[in-house]
Each structure stands twice: as structure tokens, then as C-alpha cells.
Amino acid sequence: MRVFVTGATGFVGTAVVQELINAGHQVLGLARSDASAEKLAKAGAEVLRGDLEDLDSLRAGAAATNGVIHAGFIHDFTRFPEVCEVDRKAIETIGEVLAGSDRPLIVTSGTALVSPGKLATEDIIPSFNPAWPRASEQAADAVCGLGVRAASVRLSPSVHGDGDKHGFIPILVNTAREKGFSAYIGEGLNRWNAVHRLDAAHLFRLALENAEAGARYHAAAEEGVTVRAIAEAIGKQLNIPVKSIAPDAAAEHFGWFSHMAAIDCPASGKLTQERLNWCPMHSTLLADIDNGIYTGQQL
């Protein structure tokens, strides 16, 4: 297939592009800068200049290919409602081009807010939450009605691996360095699900090739790793104390990240593994921390 990929030079997107090329697909990657264009060309992909707010570039990419992986998102939390609307319009625009063709469109979502406090599964479809206005899945469902084979890949809150500079683990590492200790909230038994970025990339390809319209797939290789275990692994790497902090001190300690530091979001990838024959095989989250990829200090 010839595949159009948005977010093609991001942490996950870079792995998706390589996964597709290694499997024999051709890739047309969206690039907003000369540096991104050069990165894509070196990876063996074709380059389409544009960005998520340039709807004409999205139309051109979708029209020129056999399927689309929409892995791009503007990670600007200072204008989160606005960038969520950009995401919705991007999916809608791509879907209009693919309408009636049964060409696949794989969009990106997340597992963290599917069923907080309970094990999230692929068949749970939560209601739209105005407090978290990202509507990627709802937009994908809407374009299914146009005859597009649209499906969603829900990423774990921790997509880990070499090159992770802006994800949740780097935030915890940077906070620990700044505060002088690695913290968890209360007993620290709240859980994050996790996936290695190469396993996530493999899932995007399998979804592109085999997805059913309207399906949700979970890029969750580990159902739940406690935040305490994560904090302890970080503390060990940095050789600093590990401490529990009270819930009412979390906002002061973690700032805007306190909600994610406290969330309990286990998620299962069992149905995804069964439906797409997805078999995660790369290192676990704690192994990556222990191997020093987040701290530069290998044990």
C-alpha cells in the first residue's frame, strides 16, 4: 500500500514509518519543516509539505494514497480545546477524501480515560467528556458513516523506548531531579498501562492492514504498572530518595501533571491481540527505566 502518515516524524510516528517501510509499504509523510522533510527522506519515505492546520495538504495526502495513519497531534496544552478542534477537523477532512472507497483511516486515541479505576477494554466506548475535549474516536466514527474503514488505536499513557523526550516518564524524571526525590501519591498503587513504541508501531500497521470499521484497538502491552514501582525505578536510577506525598500536596509537587500522576488506568490489550494477532515483544516499561534510557545512567 501507499500510506499517508501524519505525525510522521514524532516519537511514535517515526517508528510507524519504519514499520511500514520494513513491511513493504510506501510512505508519504507529512512534514511542516525542512528538518522533518529531511528526516523522512532519510528514512526512505516520500515527503508532503504541510501540517495539520493546512487542510489542503491533508486532502492531497489522502487523495494520493491507499490508506491513512493519523498519528499527528499538536501537543500544546495551553490551548488544548483549540488543538482538539484541529484534530477533529483533520480527521473529518481526510475522511471526506476517503469517502465511499473503503480505504482505511487509523486515528490515534488513548486508553487512560476510557475507564479510570477499572480495567479498560476495547469494547468500552466512553461518552464524550467536555473536560477532555479530544474527540478523535467520535470523529472516526462519523467518517465511518461516509463509507470509510476508520478505526482507532488507543495508546497507553506511557509509550516508552529510546528517544522518548517529552512523554510521561521524562516528566516524572525531570520532576524528581528538580525536587530531589522521586514521588508517588498516597500508597502509589494507581496503575498506568504501558507499551513500547516499536510494539505500538507494529499495531498501527496491523490495524491499517486489517481493521474493521469502528473498531478500537489497545496498544497496551502491560495492563498496569503501579506509579510507585515507576517512582522507585526512577529513584534507583537517579540515586535519590523515593517518597510518598499526600494527595493534597500533589498539585504543588507535580503541577499540571498531578492528575496523570494520580490516575488509575489499567487497560487490557487482550482483544486486540486476538483480533489482529498482535504480539508485543519489546522491553517493559520498568526494564527501559532500569536500562537508563531516561536518565543516561545504566546499571
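The following exercises, each with a worked solution, concern a predicted model.

**Exercise 1. A nonpolar surface patch**

Determine which residues form the nonpolar patch on the surface, and place Phe 77 in the chain.

Solution. Start with the members. Phe 77, Leu 113, Trp 132 and Trp 256 make up the patch, and their accessible area together is about 450 Å². Next, locate Phe 77: this residue sits in the loop that runs between β4 (67-70) and α4 (80-98). Then classify Phe 77 by exposure. Its relative accessibility is 44%, and the partly exposed class lies between 20% and 50%, so Phe 77 counts as partly exposed. Finally, compare sequence and space for one pair. Phe 77 and Trp 256 are 179 residues apart in sequence, while their C-alpha atoms are 9.7 Å apart.

**Exercise 2. Strands β4 and β5**

Work out in which sense β4 and β5 pair, and how many residues of β5 are buried.

Solution. First, the pairing: β4 and β5 run in the parallel sense, with 3 bridges between them. Second, a position within the pairing: His 70 stands opposite Val 107, a residue of β5. Third, the cover: β5 spans residues 104-110, and 6 of its 7 residues are buried. The strand is therefore mostly covered, with "buried" meaning under 20% relative accessible area.

**Exercise 3. The surroundings of Ser 182**

Decide whether Ser 182 is buried or exposed, and list its contacts beyond four places in sequence.

Solution. Begin with the element: Ser 182 belongs to strand β8, which covers residues 182-185. Now take its relative accessibility, which is 3%. Because the buried class is anything under 20%, Ser 182 counts as buried. Then collect the contacts, leaving out residues up to four places away in sequence. Ser 182 touches Ala 176, Ala 231, Ile 234, Gly 235, Ile 240, Pro 241, Val 242 and Lys 243. As a last step, check some of these partners against helix α8: Ala 231, Ile 234 and Gly 235 are among the buried residues of α8.

**Exercise 4. Helix α8 and the residue after it**

Test whether the length of helix α8 agrees with the expected span, then describe the backbone at Asn 239.

Solution. Step one is the expected span. Helix α8 has 12 residues (227-238), and at 1.5 Å a residue it should span 16 Å. The expected span uses one less than the number of residues. Step two is the comparison: the end C-alpha atoms of α8 are 16 Å apart, which agrees. Step three is the burial pattern. The buried residues of α8 are Val 227, Ile 230, Ala 231, Ala 233, Ile 234, Gly 235, Gln 237 and Leu 238. Step four moves past the helix end. Just after α8, Asn 239 takes a positive phi of about 60 degrees, although Asn 239 is not a glycine. This residue lies in the loop between α8 and β12 (242-245). With 71% relative accessibility, Asn 239 counts as exposed.

**Exercise 5. Another asparagine with positive phi**

Find where Asn 277 lies, and classify its exposure.

Solution. Consider phi: in Asn 277 it is near 55 degrees, a positive value in a residue other than glycine. Consider location: Asn 277 is in the loop between α11 (270-276) and α12 (285-290). Consider exposure: the relative accessible area of Asn 277 is 59%, so the residue is exposed.

**Exercise 6. Salt bridges**

State how many salt bridges a search of the whole structure finds, and analyse several of them.

Solution. The search finds 17 salt bridges.

- Asp 56 and Arg 59 meet through their side chains at 2.8 Å, N to O. They are 3 residues apart in helix α3 (residues 55-63), which means a separation of about one helical turn. Asp 56 is exposed at 55% relative accessible area, whereas Arg 59 is partly exposed at 35%.
- Asp 76 forms a salt bridge with Arg 79, and the closest N and O atoms are 3.0 Å apart. Asp 76 is partly exposed at 23% relative accessibility, and Arg 79 is partly exposed at 26%.
- Glu 85 forms a salt bridge with Arg 88, with 2.5 Å between the closest N and O atoms. Both lie in helix α4, 3 residues apart, about one turn of the helix. Glu 85 is partly exposed at 31%, and Arg 88 is partly exposed at 27%.
- Glu 137, Asp 141, Arg 154 and Arg 216 are joined into one network by salt bridges that share partners.

How values were computed:
Residues are numbered from 1 along each chain as its sequence is written. This is a predicted model: local features need pLDDT of at least 70, side-chain atom pairs count only at pLDDT 80 or more; totals for chains, interfaces and linings use all residues. Side-chain values use heavy atoms; hydrogens and water are left out. Patches are made of residues with over 30% relative accessible area and no salt bridge: like charges are joined within 9 Å, nonpolar side chains (Val, Leu, Ile, Met, Phe, Trp, Tyr) within 5 Å. Accessible areas come from the Shrake-Rupley method with a 1.4 Å probe; for residues, only the protein chains shown count as cover. A salt bridge is a side-chain nitrogen of Lys or Arg within 4 Å of a carboxyl oxygen of Asp or Glu. Helices (H or I, at least four residues) and strands (E, at least two) are DSSP runs, numbered from the N terminus. Buried means under 20% relative accessible area, exposed over 50%, partly exposed in between (1.4 Å probe, protein chains only). Contact means heavy atoms within 4.5 Å. Two strands pair if DSSP finds at least two bridges between them.
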